[in-house]
Amino acid sequence: VQLQAFGGGLVQAGGSLRLSCAASGRSFSGYAVGWFRQAPGKERESVATISANGAGTYYADSGKGRLTISKDNAKNTAYLQMNSLKPEDTAVYYCAAGMTWATIPNEYNYWGQGTQVTVSS
C-alpha cells in the first residue's frame, strides 16, 4: 500500500490543522494507521494510532484532548485533526500503515513521505 500525507503548513499557536493520509494500491480497511512526528534532532515519536476498523484509538500524552485520529475506509483515507496547536508540535508528520495496531513506529510497515507542520508562537 502506498501512502501520501498532506495538509501540513504554517499556523499560529492555538490554531488548527487537519492532516490527511491517502492510501492507494490496496484497500485501507485491513490496516491500522498511525501518525508519527519527528522534530529536528529528535527521534521519531508516536502521535496517535487507530485500529483497522477504527474502533480503537491511542493518543500520546502530548496530544490528548487536542488531537483526533479517524479513518474512512470507504475513502481509503485517514485523518489527524489537530487543535490548540503549540510551538512544540512543530515537526514533520508521517502517516504509516500496518497489519497490527500498535503504538510504536517499528510496528508499521508502510510509510508516507511526511508533511511539515510549523507552529509559530
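The legends below describe close-up views of a predicted model.

**View 1. The disulfide between Cys-21 and Cys-95.**
The structure holds one disulfide. It is formed by Cys-21 and Cys-95, whose sulfur atoms lie 2.2 Å apart. The link between Cys-21 and Cys-95 is right-handed, with 70 degrees about the S-S bond. Cys-21 belongs to strand S3 (residues 17–24) and Cys-95 to strand S9 (residues 91–98), so the pair ties together parts that are 74 residues apart in sequence. Both Cys-21 and Cys-95 are buried.

**View 2. The largest nonpolar core.**
This core, the largest of its kind in the model, has 29 residues. Leu-3, Phe-28, Trp-35, Leu-80, Met-82 and Tyr-93 are the residues with the most contacts inside it. At least two core residues come from each of strands S1 (2–6), S3, S4 (32–38), S5 (45–50), S7 (67–72), S8 (77–82), S9 and S11 (115–120). A second core, separate from this one, has five residues, among them Ala-32, Phe-36, Ala-96 and Ala-102.

**View 3. The surroundings of Leu-3.**
Neighbours within four places in sequence are left aside here. Leu-3 is in contact with both cysteines of the disulfide, Cys-21 and Cys-95. Its other contacts include Ala-22 and Ala-23, as well as Phe-28. Ala-96 and Ala-97 also touch Leu-3, as do Tyr-110, Trp-111, Gly-112 and Gln-113.

**View 4. The open sheet S1-S3-S8-S7.**
Four strands make up an open sheet, in the order S1-S3-S8-S7 and with antiparallel pairing. S1 and S7 are the edge strands, each with a single partner, so one side of each has no neighbour in the sheet. On average, neighbouring strands of this sheet are turned by 15 degrees against each other, direction ignored.

**View 5. Bridges from S1 through S3 to S8.**
S1 and S3 run antiparallel and are joined by five bridges. Gln-4 has Ala-22 of S3 as its bridge partner, and Ala-5 is bridged to Cys-21 of S3. Cys-21 is thus named in two views, as it also forms the disulfide with Cys-95. S3 pairs with S8 over six bridges, again in the antiparallel sense. Ala-22, the partner of Gln-4, has Thr-77 as its bridge partner in S8.

**View 6. The aromatic pair Tyr-31 and Tyr-110.**
The whole structure contains four aromatic pairs. In one of them, Tyr-31 and Tyr-110 meet edge-to-face, 5.8 Å centre to centre and with 85 degrees between the planes. Tyr-31 sits in the loop between S3 and S4, and Tyr-110 in strand S10 (residues 110–111); the two are 79 residues apart, and the pair links distant parts of the chain. Tyr-31 is buried, with a relative accessible area of 4%, whereas Tyr-110 is partly exposed, with a relative accessible area of 27%.

**View 7. The aromatic pair Phe-36 and Tyr-108 and its cluster.**
Phe-36 and Tyr-108 form an edge-to-face pair, with 5.3 Å between the centres and 65 degrees between the planes. This pair too links distant parts of the chain: Phe-36 is in strand S4 and Tyr-108 in the loop between S9 and S10, 72 residues apart. Phe-36 and Tyr-108 are both buried. Together with Tyr-94 and Trp-111, they form one aromatic cluster. Phe-36 is also one of the residues of the second nonpolar core, and Trp-111 is among the contacts of Leu-3.

Technical notes:
Residues numbered from 1 in each chain as written. Predicted model: local features only at pLDDT ≥ 70, side-chain atom pairs only at ≥ 80, totals over all residues. Heavy atoms only, no water. Disulfide = S-S within 2.5 Å. Buried < 20%, exposed > 50% of the residue type's maximum accessible area, 1.4 Å probe, protein only. Core = buried A, V, L, I, M, F, W, Y, C linked by side-chain atoms within 4.5 Å. Contact = heavy atoms within 4.5 Å. Pairing = 2+ DSSP bridges. Axes fitted to C-alpha atoms, helices over the stretch in contact; angles between N-to-C directions. Phe/Tyr/Trp six-rings, centres within 6.5 Å; stacked < 30°, edge-to-face > 60°.
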